[in-house]
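Colleague: Could we take a close look at the enclosed space inside this protein? I would like to know what surrounds that space and how the chain as a whole provides the setting.

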Amino acid sequence: MPESWTSGGLELHLDLEPGVGRRAALERSLREAIRSGRLAAGTQLPSSRALANDLGLSRGTVVQAYEQLLAEGYLTSRSRTHTEVAAVPGAGTRTKLRSLKNVSVPYDLAPGNPDVSQFPRSTWASALRHAVTVAADEDLRYGDPRGHPELRRALADYLGRVRGVRTSSQAIIVCTGFTNGLRLIAAALRERGGQTMAVENYGLPFHVEAIEHAGLQTQTARLDDDGLVVDELPNADAALVTASHQLPWGTRLHPARRGALVDWARDNNAVIVEDDYDGEFRYDRQPIGAIQGLAPEHVIYAGTASKSLAPAMRMAWLAVPERLIEPIVRIRLLSERQCPVFEQLALAHLVDSGGLDRHLRRMRTHYRKRRDHLLDALATAVPQVRPIGIAAGLHVTLLLPDGIPDDDIRAVLTEHGVDAHLLSEYARRHDSAPTGLVIGYATPRAIPIQPPQRPWSRRCASWSRCSDP
């Protein structure tokens, strides 16, 4: 069996073949690591002194091995103390996972993306410095799986003030994104004997996957112009709703149906999971409170920093009925214990200091200007399309003339370098979806809108005019 060694200083794992001279064994091990791609071109190697000390060899043996591989072209040296792996023709390369991120396109109109160029970097850096300064030694240990007490207190106060949520810090659970929170909820309900969760017949497919992966079945509930059709809700243990700004339709749940939904939950001893999607951004209407404020014992309110600040924050929160706190926390402990503490303390400081409020006010103005620019361009260039869901959020849905196949729309988007979503991609049954596009207006760079060289009408005869997005 070969011996395994790990060097001091720069870490380097080597297998030295027994029964061979030490210098020859070291040369063979290094050659094999380079040929296989385990040591990629540009990888810095430990100094001869450090490697000799760790392997129990004389420094001269390591120096001679390095010199031999330098002569053979496997290594290169920029100085007497800096040796690295050379680019060797035919050497293997490390296997890389294909990125889950879409390939970059000239026009990114995918919905759900905030303008991260507006992230308040200096304010956040100040909040992080404050967090590192005020954090006690105890804060650096394993903490409460619900989240740091300071953030839970700040969120309970904030949600009560701006969204009408009736909760306490004890009932707040901080998690890494809404989908993560949804999986925790579904798993906890399944553990308590739940079997089904109703979902709107338009929504994000991976939310359904998260629910079903956690062990619940999903049943579809119909939407109309007033939001979820509560009278047609199936018999279920829970219902997932986007009451503030539905994705993709952009509707909000009618006030009468909000009360009816609460009655449904009470009558069926069910749980409402309220996804406050885009709840922070509204332009042409007064804010409405969360459904949770009507029935805290039957509603789990879910919010996130992904749209208000940035998806990379990986911070979301649940306001949970008392009877579900313990099972959700138990599931949380089996998956991930807690979010990073410094980021939680920084977010708490941002909330308490009013920094989050100021940022959101600024971003509402920023996004409204973008939305108005988009609507003006659409009215001029393609008056035959009907934009809906424009009063809030970061996306708009365009209803297109009937009879245009999805494949043709995809081809036109690809031809013009546009990343946008088809309305049918959100439908549980694609054959029931009208023709439409769901586009985000938060991320594209500000450019003048000009007619394309080849109008879309060449492919879609019913569109007489169009513009380059």
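Modeller: The following account turns to the cavities, beginning with the chain that encloses them. The model is a predicted one. Its chain holds 12 helices and 19 strands, and 51% of the 469 residues are buried. Among contacts with a separation of 6 or more, 72% join residues 24 or more positions apart. The chain exposes about 22,800 Å², of which carbon and sulfur atoms supply 50%.

Within this chain, three cavities of 30 Å³ or more are counted. The largest cavity contains about 90 Å³ of space. Its lining includes Arg163 and Ser244, together with Asp278, Gly279, Phe281, Arg282, Arg285, Gln286, Pro287 and Ile288; Ala392 is also one of the lining residues. By residue class, this lining comprises four nonpolar, three polar and four charged residues. Among the charged residues are Arg163, Asp278, Arg282 and Arg285, while Phe281, Pro287, Ile288 and Ala392 belong to the nonpolar group.

The second largest cavity has a volume of about 40 Å³. Glu200 lines this cavity, as do Leu223, Gly227 and Leu228. Further lining residues are Val241, Thr242, Ala243 and Gln246, along with Thr251, Arg252 and Leu253. Here the lining divides into five nonpolar, four polar and two charged residues. The charged residues are Glu200 and Arg252, and the polar group includes Gly227, Thr242, Gln246 and Thr251.

Notes:
Residues are numbered from 1 along each chain as its sequence is written. This is a predicted model: local features need pLDDT of at least 70, side-chain atom pairs count only at pLDDT 80 or more; totals for chains, interfaces and linings use all residues. Side-chain values use heavy atoms; hydrogens and water are left out. Helices (H or I, at least four residues) and strands (E, at least two) are DSSP runs, numbered from the N terminus. Buried means under 20% relative accessible area, exposed over 50%, partly exposed in between (1.4 Å probe, protein chains only). Contact means heavy atoms within 4.5 Å. Accessible areas come from the Shrake-Rupley method with a 1.4 Å probe; for residues, only the protein chains shown count as cover. On a 1 Å grid over the protein atoms alone, a cavity is a set of points where a 1.4 Å probe fits but cannot get out, and a pocket is an open set with protein on both sides within 12 Å along at least five of seven lines; lining residues have an atom within 4 Å of a point. Grid points are joined across faces, edges and corners, and a volume is the space filled by probe spheres set on the points.
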